[in-house]
Amino acid sequence: MNSQIFHPFVLPFVLGMAFVLTYCLVGLIRVISQLPKDDRKKFWRSLVTPKTAWANIRDLFGDCLFHVKIWKRNPVLGYMHTAIAFGWFMIIVIGHVMLFTLKPLQGVEVERLQGMFTNFYYPIFFKYFAEETPVFAFLMDFFLLMIISGILIAVVKKIHSKIVGVKRVMHFGFADSLIRFALWTIFPFRLIAEKTNIMAFWWLYSIDLLIFMCMLPFTRYMHIPTEALFILLRHAGIKVTEPRKGYVLAELYSCPSCGLCIDACPMSVNDKMSGNTSAYFMKKLRNKDTEESQRIAETCLMCGKCVKICPLSIESCDIKFSQRASIPYNINSDHSYLNVISTEAEKSSKVLYFAGCMTQLTPKIMRAMKQIMEKAGEDYQFMDENGVICCGRPMMLSGKTAEAKAMVEKNTELIKKSGATKLVLSCPICYKVFKEEYHLEGIEIQHHTQYIDELVKTGKLKVSKGDVNYVYHDPCELGRAFEIYDEPREVLENVGNLRKAKSEKEISICCGGSLGSFTLTQQERDEITANSVNDLMFNNPDEIVTACPLCLKTFARKSPVKVKDIAEVVSEKI
Amino acid sequence: MDFGFCLSPSSHVKMDSVDLTTFNRLKEINPDVNTCIACGSCTATCTAGNFTEMSFRRMLLMLQRGKEDEAKKMIQRCMLCGKCTLVCPRGINIRKILLDITR
Amino acid sequence: MKENILIIGGGAAGMEAATQLQKMGLTPIIIEKSETLGGHIAQWDRLFPAFHPAKDVVDKMLDQVKDVKTYLNTEVVDIQKDNNGFHAVLSNNEKIDAKAVILATGFDIFKAERKQEYGYGIYNNVMTSVELEKFFRTGKDERINNPKKIGFVHCVGARDVKVCNTYCSKVCCTTALKQACEIKEVFPDAEVYTFYMDLRMFGPGYEDLYLKTQKDFDVKCVRGRVCEVSEDMDGKLVIKAEDTLFGKPLKMTLDVLVLMCAMEKNKSIDAIQQKLGVANNNDGFMQNSDMYLGMNNTAQDGVFVAGACTAPKSLPDTIGEARSVATQVYNYINR
């Protein structure tokens, strides 16, 4: 039995704890001070606003401790994370609560034990210093075992990730492997120490903690403290502005490199391309590997699936955008020629149809839309039948928001002059920019999937039901960006049978043709397309239906069945 | 002997003295630039080409014939819409090359 | 020596190979999936470069194979090889044993719908070269109503990574010029334009044909690839291309647009080809063992190839290959 309340073996731990706390404090000040002034104000205000405060509490528990989002995707991984995070958290909490109920060991004076609080000194290793009370003893053991069960899963995952349903895992360097080893051994050491009370294990336990905490800031485990700050900042409504500063710094360090986005990423069709996934991007940017992070930023398809699937909803696409914007292209865009275009509308009509650049290359969509609008007796006008001005989105995709303005302004002028009350678009790429960047007060903006759905629902358009089996592909900029999932499916159910793809809606796989990527080669894109087509063919549909001219063209290269736009499918059934 | 032909400036492209630095740098990042067959698809489909002289095909030639300034001026018209990339029969990643010219 | 030689495909290559093998004393057996022999060439009106009637050539070939055992409307559904040779099962359940197999399965025409921007199947007045040839043969096509302006687009489905065909289809350039002349013969007042990337006049008499189209028929060749086709209010076609020699994009209204569709590998044979162990080359056609001395041989002993199943070929090319495959098979049997 020990008759002391101090033993030198706690020193390594205390040292590590002091280091990590100091580091986090400095980091916190750095992040907050780098925030733009308005954002900082927003942040302080959000902390006291009841609504955001409640969201903060909910997500701090839900995301940091219980990992709710991982549970949804993969319960085994969910348990693994919860077991370690929540288990550890509970051990700390219970340990501290237990301080009040300590039963002193033989030879230790009660006064001295209670004095611990006033002396700013916490005994962390209770079993060494004091005997646990039965209930707490049980709880401590329970959570310790819970953590160890989580670690067991982690070990299995490391040895053979497919057993826990993970195809590709991240590859880590030496530092990450060492700290992981430290983490894995902390709790087994403690278990052995508590059960055997062999001094050497108490030392190992403490040194393990020292290693873990000293390495924490320089490895992915930094996500543990940073996550909390990131959740607060996110709820404050702060947006990504510049790469590797302030808010982005918090995002970078919050990324746990869990690798869920690797399997999700459409590029993960082979080992080489899986290195282009967000997890690696975040890691490279964190490590200030500018060249690599820029390369990945330019390669990314910007489909947004990694953001949707991320347990922390880290906005990796936004960070990539800001990274792109920092690349020194000196195009010096000059779009003054747009001024010569006459804005005098020939006639005015209620509905204005804007096909977009890409749709010019898929005349079937344009013809189908004309047929639909005519059949429905709509008072419409075709804005870009004889030439088009780009919507501006591709320019923005290259990180050039300011340069896109000329196009946005001209199109706005043209649309407003037309006197239309509704703008119908065929291209989701356009749809996104019209929704987000254009100020078209009083004009309803619809993608043709929504428009057709409305025409069918209001009875303006009569369609007949056939017996073709369709599968619907969600274009990234319609689905994930605006959650337009139901309208196209309802339309398709009206004209035929809808079959399910393997991955649908928010986890649908990008067709591979996205304008988001600047550097993918045709061959690489083809591999992505083939994988996406396979996913769509899961239930052997007769036809693949999509709602984006680019997806249409891309799939047509690789699909074993006919690929059609939803407008085309509907126009066949009126 | 000089028969007076050197008095007026020649209209020839001086292939012996063309500065290919930009083109060669471009070629290093995008070996595709050599595969253009000058079919004109990019020019014909160009959204900016509806209103201006924008022509990617000619821009590549300009860079190879010592008219870098003209090429850089042409890029300013580009809206980066990507139609050219979509129609190129040789699969040249035109959007990327356009950006790289000025990088 | 009356060894059976199985010839899959009854087009020009298949018929000519059969003719030669029969003369060598072997027993060729032709399996043809359609209801007549002759293949694509039987659908043709006249042949380039000298406007020779296709029927003339086809009739002679048919006459030569009249004694050859031929199965029409029949396909090979299964084939096995053992030490005694090949054992094929036909779609009529008949079984055939043969010492060697010649794949003379030819090509398919690129499906023009796949190049959506050209508007085939969308706009009424866009047609394929095959359909135009049919018009020359029958004189009937509702799309052709005394057209004033006609355009030809070269390389549709060829030299185009976007449709996964990077090869040159070899015969379309000459065919386009031939058809351009022919349409001028029918409608002398019409303006005829061809839009090309490169004019590949590689054979004897081809360049003369080119000269003829310019001198005698006033066909205008524009160097530029058509990239978009749309329809105006009157149902006329509006095409966009760059006149690359002039260096400016052009727009043009046409009454009829003819798409010179490329040759693609005939995929209906894929399953049997796989059973025989013959691979495809990068262009998707069948892989022969080498392009010079082994052009009729494949990686599999006893399996031979001839004609357009290995690459786009002109009729003289195909006939030449069919004759050479006969020699190869003869040597194989007598080895």
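**Reading a predicted model: contacts, a helix and some backbone turns**

In this predicted model, 14 residues of chain B are in contact with 15 residues of chain C.

Student: What makes a residue of chain B count as in contact with chain C?

Tutor: The test is a distance: the C-beta atoms of the two residues must lie within 7 Å. By that test, 14 residues of chain B and 15 of chain C qualify. On the chain B side, helix H2 (residues 41-45) gives the most, with 4 residues. The residues on that side divide into 6 nonpolar, 6 polar and 2 charged.

Student: Let's turn to chain A. How do you know how the span of helix H3 compares with the expected one?

Tutor: H3 of chain A covers residues 50-65, which is 16 residues. The expected span is 1.5 Å times one less than the number of residues, and for H3(A) that comes to 22 Å. From first C-alpha to last, the helix reaches 22 Å, so the two are close.

Student: Where is the kink in H3(A), and what is its angle?

Tutor: The kink is centred on Asp59(A) and is about 25°. That angle lies between two axes, one fitted to the seven residues ending at a residue and one to the seven starting there. Asp59(A) is also one of the buried residues of H3(A), along with Asp63(A) and Cys64(A). Their cover includes helix H4 (68-73), helix H5 (75-98) and helix H11 (223-235) of chain A. Just after the helix, His67(A) takes a positive phi of about 50°.

Student: Why is Ser257(A) called buried?

Tutor: The cut-off is 20 or more other C-beta atoms within 10 Å. Ser257(A) has 20, so it is buried. You will find Ser257(A) in the loop between helix H12 (247-254) and helix H13 (260-264) of chain A, with a positive phi near 55°.

Student: And why is Met302(A) called buried?

Tutor: Met302(A) has 23 other C-beta atoms within 10 Å, and 20 is enough, so Met302(A) is buried. Its loop runs between helix H16 (290-299) and helix H17 (305-309) of chain A.

Student: What is the phi of Met302(A)?

Tutor: Phi is near 60°, a positive value in a residue other than glycine. Most residues other than glycine have a negative phi.

Student: What makes the peptide bond from Phe48(C) to Pro49(C) cis?

Tutor: Its omega is near 0°. Most peptide bonds are trans. Pro49(C) is in the loop between strand E3 (46-47) and strand E4 (52-53) of chain C.

Definitions and conventions:
Residues are numbered from 1 along each chain as its sequence is written. Chains are lettered from A and ligands numbered from 1 in the order in which they are written. This is a predicted model: local features need pLDDT of at least 70, side-chain atom pairs count only at pLDDT 80 or more; totals for chains, interfaces and linings use all residues. A residue is buried if 20 or more other C-beta atoms lie within 10 Å of its own, exposed if 12 or fewer, and partly exposed in between; C-beta atoms are placed from the backbone. Ala, Val, Leu, Ile, Met, Phe, Trp, Tyr, Cys and Pro count as nonpolar, Asp, Glu, Lys and Arg as charged, and the others, Gly among them, as polar.
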